[in-house]
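Colleague: I have a structure to read and no idea where to begin. Could you take me through it, feature by feature?

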Amino acid sequence: QVQVVESGGGLVQAGGSLRLSCAASGIIDSISGAGWHRQAPGKQRELVAHIDRSYNTMYANSVKGRFTIFRDDAKNTVSLQMNSLETEDTAAYYCAIVHLGNTYWGQGTQVTVSS
């Protein structure tokens with residue numbers, strides 16, 4: 001059984017930075033891939049960043065150049081470094097871990113960016 005827990009959300013002013021962390025337990029060897037998603041009130045959940053087992057990354061156009069996703073395989077964590085935050089980045093952020101062909105979701109962490 002894989003457990004996924006996000007942390008690091010909070011309130012930050014526009015232009016500031018936050019680092020979100022996703023810790024996965026119950027992992028055998030390593031994760032296959034991971035993604036960070038976000039959902040604002042009244043909106044669909046959207047993928048913002050993804051990293052695969054070969055460390056290839058992709059980003060939504062809205063966050064390119066500002067967000068960086070990276071993995072620490074020794075600790076089975078996946079982080080999202082968010083710089084130059086904008087009010088439009090305000091959302092609940094969720095981590096999804098792919099392991100042995102299955103996807104596991106965390107509970108979410110709230111990011112609120114003030115003007």
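Modeller: We go from the whole chain down to single residues. Keep in mind that this is a predicted model.

Colleague: Which secondary structure elements does the chain have?

Modeller: Begin with a count of elements. Here the chain has zero helices and eleven strands. Read along the sequence, the pattern is β-β-β-β-β-β-β-β-β-β-β.

Colleague: What radius of gyration does the chain have, and what would a compact globule have?

Modeller: Compare the chain with a rule based on its length. For 115 residues, a compact globule would come out near 13 Å. The chain has 13 Å, so the two agree. For the extents, take the C-alpha trace: along its principal axes it spans about 45 × 25 × 25 Å.

Colleague: How much of the chain is buried?

Modeller: Burial is judged residue by residue, with a cut-off of under 20% relative accessible area. By that test, 43% of the 115 residues are buried. Contacts add another view. Take those between residues at least 6 apart in sequence: 54% of them join residues at least 24 apart.

Colleague: In what order do the strands of the open sheet lie?

Modeller: Sheet order is read across the strands, not along the sequence. Four strands form this open sheet, in the order β1-β3-β8-β7, with antiparallel pairing. The edges are β1 (3-7) and β7 (67-72). Each has a single partner strand, so one side of each is left without a neighbour in the sheet. From one strand to the next, the twist averages 15°.

Colleague: How many bridges join β1 and β3?

Modeller: Bridges show how two strands line up. β1 pairs with β3 (residues 18-25) over five bridges, in the antiparallel sense. In this pair, Ser7 stands opposite Ser21 of β3.

Colleague: Now a hairpin. Which residue between β9 and β10 takes a positive phi?

Modeller: For a hairpin, look at the pairing and then at the turn. β9 (residues 91-99) and β10 (residues 102-105) pair over four bridges, also antiparallel. His99 has Asn102 in β10 as its bridge partner. Two residues lie between the strands, and Leu100 takes a positive phi near 50°.

Colleague: Which rings does the charged end of Arg45 sit over?

Modeller: Check the distance to each ring centre. The charged end of Arg45 sits over the ring of Tyr94, 3.7 Å from its centre. The charged end of Arg45 also sits over the ring of Trp105, at 5.1 Å from the centre.

Colleague: And how many aromatic pairs are there?

Modeller: Ring centres must lie within 6.5 Å to pair. By this rule the count is zero.

Definitions and conventions:
Residues numbered from 1 in each chain as written. Predicted model: local features only at pLDDT ≥ 70, side-chain atom pairs only at ≥ 80, totals over all residues. Heavy atoms only, no water. Pairing = 2+ DSSP bridges. Axes fitted to C-alpha atoms, helices over the stretch in contact; angles between N-to-C directions. Phe/Tyr/Trp six-rings, centres within 6.5 Å; stacked < 30°, edge-to-face > 60°. Lys NZ or Arg CZ within 6 Å of the ring centre and 35° of its normal. Rg over C-alpha atoms; globule rule 2.2 N^0.38 Å. Buried < 20%, exposed > 50% of the residue type's maximum accessible area, 1.4 Å probe, protein only. Contact = heavy atoms within 4.5 Å.
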